[in-house]
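Here is a set of short exercises to work through with the structure open beside you. Try each task on your own before you read the solution.

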Amino acid sequence: MLPAHLQELPAPSPAAIEVSEALSALISAEIGRAGGFLSFARYMELALYAPGLGYYSAGSAKLGEAGDFVTAPELSPFFGRCIARQASELLDQGIGDIVELGGGSGALAVELLAALEATGTLPERYTIVELSADLKARQHARIREAAPRLADRVRWADALPGPLEAFVVANEVLDAVPAHLIETHEDGVDEVGVTVHGARRFEYAKRPAQGELLQAARALGLPPGYRTEINLASRKLVKTLTENVTRGALLFVDYGFPAAELYHPQRSTGTLMCHYRHRAHDDPFAVPGLQDITAHVDFTAVAEAALEGGASVLGYTSQAQFLINCGITDLLSGTPAEDARTYAPLASQAQKLLSPAEMGELFKAIAVGRGVALPLAGFARGDRTHTL
């Protein structure tokens, strides 16, 4: 089942293989109905979100040591506590609600709510927008176990409620929004999609890019021979979100770059990446439904979409600078260094969040919104909005 470059990793269980094969059959059938070519964005959407079969819709473990990758909230409680400091500033301005997009394991909600409770600034409502029934159940169980006194304050939704005044948090959400693939050549731009070869083995295929995708690709001014991702869906998502939040801020934390850096000549093969059992690789067809598929975020496009939605950019910086601004070093200093057994793992966690060689520089934080006092705490120093 696993391709050669993943053979040294744990093989999927028979049940997982069955799910993957069912998903492959579903995708193959859709490719057939589409005439033999499916956009990569649609393939990615099915691979990740097909009901009951997609990576985020089926029941396999995804986060943590037993899963395929680790996100910042699972890595360290400091991440959620720093987000709480930013949230507290907005709640003090009369923003009553917090909305989390894609709640993951529930770790961020637990730490954020507990930290706000400690400072007496709990939101009126905490809504988790989650499309996966499996993840929703896991979030509910974790919150009930870790913070039962706060569980009744949390509710779940399938879409962002609106219009509303809120602080919206989205950690590692935009990277998993289905993206299109394009490739430039001397005569124009091709859309890179998916076709079927043999017994449901998926392969890349090309056709001339058209419409909105072609327009977006041309706007980048890429040289011939350049292959990359363009995420039209994430632009629409950000625009819709900013239109729904009539007052407040939306905070996106994810890995990516401004357009000038993302579409640099050194990234002429794109940033598409898959995650299976903590191994990063670039084969989206390896184990459909059993691996995450992501692409780096174009933060310039995020900013432009927010402006189209009537919002403003409230700040943009590296994850490290955002967390420092929100007091991560103060949180770490709250544990005496002499208590090595407690301090050492916390310091190691903070290092991974802050180090340029880990998450500190690759991950960025951008806030957009309207009707709030500036500067926001997370962007008070080291703001890079001018680079967008």
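**Exercise 1. Place Glu183 in this predicted model, decide whether Glu183 is buried or exposed, and find the residues Glu183 touches.**

Step 1. Start with the backbone: Glu183 belongs to strand E6, which covers residues 180–185.

Step 2. Turn to accessibility. The relative accessibility of Glu183 is 18%. The cut-off for buried is under 20%, so Glu183 counts as buried.

Step 3. Look for a polar partner. The side chain of Glu183 makes a polar contact of 2.5 Å with the side chain of Lys206.

Step 4. Widen the view to contacts, leaving out residues up to four places away in sequence. Glu183 then touches Gly188, Val189, Asp190, Val192, Lys206, Tyr226 and Arg227.

**Exercise 2. Work out which strands pair with E6 and how many of the residues of E6 are buried.**

Step 1. Take strand E9 (residues 227–230). E6 and E9 run antiparallel and are joined by 4 bridges. Within this pairing, Leu181 stands opposite Glu229.

Step 2. Now take strand E7 (residues 188–197). E7 also runs antiparallel to E6, with 5 bridges between them. One partnership to look for is Ile182 with Glu191 of E7.

Step 3. Follow the chain from E6 to E7: a hairpin of 2 residues makes the connection.

Step 4. Check burial. Of the 6 residues of E6, 5 are buried, so the strand is largely enclosed by the rest of the structure.

**Exercise 3. Describe the residue with a positive phi in the loop between strand E5 and E6.**

Step 1. Find the loop: Glu172 sits between strand E5 (164–171) and E6.

Step 2. Read the backbone angle. Glu172 is not a glycine, yet its phi is positive, at about 50 degrees.

Step 3. Check accessibility: Glu172 counts as buried because its relative accessibility is 18%.

**Exercise 4. Test whether the length of helix H8 agrees with its number of residues.**

Step 1. Helix H8 takes in residues 232–244, which is 13 residues.

Step 2. At 1.5 Å a residue, the expected span is 18 Å. The C-alpha atoms at the two ends are 19 Å apart, so the two values agree.

Step 3. Look at the start of H8. There, a side-chain oxygen of Asn231 comes to within 3.3 Å of the backbone nitrogen of Ala233.

Step 4. List buried positions: in H8 these include Leu232, Ser234, Val238, Leu241 and Thr242.

**Exercise 5. Trace the aromatic cluster that contains Phe40.**

Step 1. The model holds 11 aromatic pairs. In one of them, the ring centres of Phe40 and Tyr43 are 5.8 Å apart with planes at 40 degrees, so this pair is tilted.

Step 2. Place the two residues. Phe40 and Tyr43 lie 3 residues apart in helix H2 (residues 40–49), which means about one helical turn separates them. Both Phe40 and Tyr43 are buried.

Step 3. Move to another pair. The rings of Phe202 and Phe285 have centres 6.3 Å apart and planes at 55 degrees, so this pair is tilted.

Step 4. Ask what this pair ties together. Phe202 is in strand E8 (residues 201–208) and Phe285 is in the loop between E12 and E13, so the pair links parts that are 83 residues apart in sequence.

Step 5. Check burial. Phe202 is buried at 2% relative accessible area, and Phe285 counts as buried at 5% relative accessibility.

Step 6. Put the pieces together: Phe40, Tyr43, Phe202, Tyr204 and Phe285 form one aromatic cluster.

**Exercise 6. Give the strand order of the open sheet that contains E11, E12 and E13.**

Step 1. The order of the 3 strands is E12-E11-E13, and the pairing is antiparallel.

Step 2. The edges are E12 (279–281) and E13 (292–294), each of which pairs on one side only. From one strand to the next, the twist averages 25 degrees.

Step 3. Look at one pairing in detail. E11 (residues 273–276) and E12 are joined by 3 bridges, and His275 has Ala280 of E12 as its bridge partner.

**Exercise 7. Find what Gly94 touches and locate the cis peptide bond before Pro375.**

Step 1. Gly94 is in the loop between helix H4 (77–91) and strand E2 (97–101). Its relative accessibility is 47%, so Gly94 counts as partly exposed.

Step 2. Leaving out residues up to four places away in sequence, Gly94 touches Glu165 and Arg247. Gly94 and Gly248 are 154 residues apart in sequence, while their C-alpha atoms are 9.2 Å apart.

Step 3. Finally, go to the segment after strand E16 (363–370), where Pro375 is found. The peptide bond between Leu374 and Pro375 is cis, with omega about 0 degrees.

Conventions:
Residues are numbered from 1 along each chain as its sequence is written. This is a predicted model: local features need pLDDT of at least 70, side-chain atom pairs count only at pLDDT 80 or more; totals for chains, interfaces and linings use all residues. Side-chain values use heavy atoms; hydrogens and water are left out. Two strands pair if DSSP finds at least two bridges between them. Axes are lines fitted to C-alpha atoms, for helices over the stretch in contact, and angles run from 0 to 180 degrees between N-to-C directions. Buried means under 20% relative accessible area, exposed over 50%, partly exposed in between (1.4 Å probe, protein chains only). A polar contact is a pair of N or O atoms within 3.5 Å; within protein, one must be able to donate a hydrogen and the other to accept it, and residues adjacent in sequence count only if both atoms are side-chain atoms. Contact means heavy atoms within 4.5 Å. The expected span of a helix is 1.5 Å times one less than its number of residues. Rings of Phe, Tyr and Trp (its six-membered ring) pair if their centres lie within 6.5 Å; planes under 30 degrees apart count as stacked, over 60 as edge-to-face and the rest as tilted.
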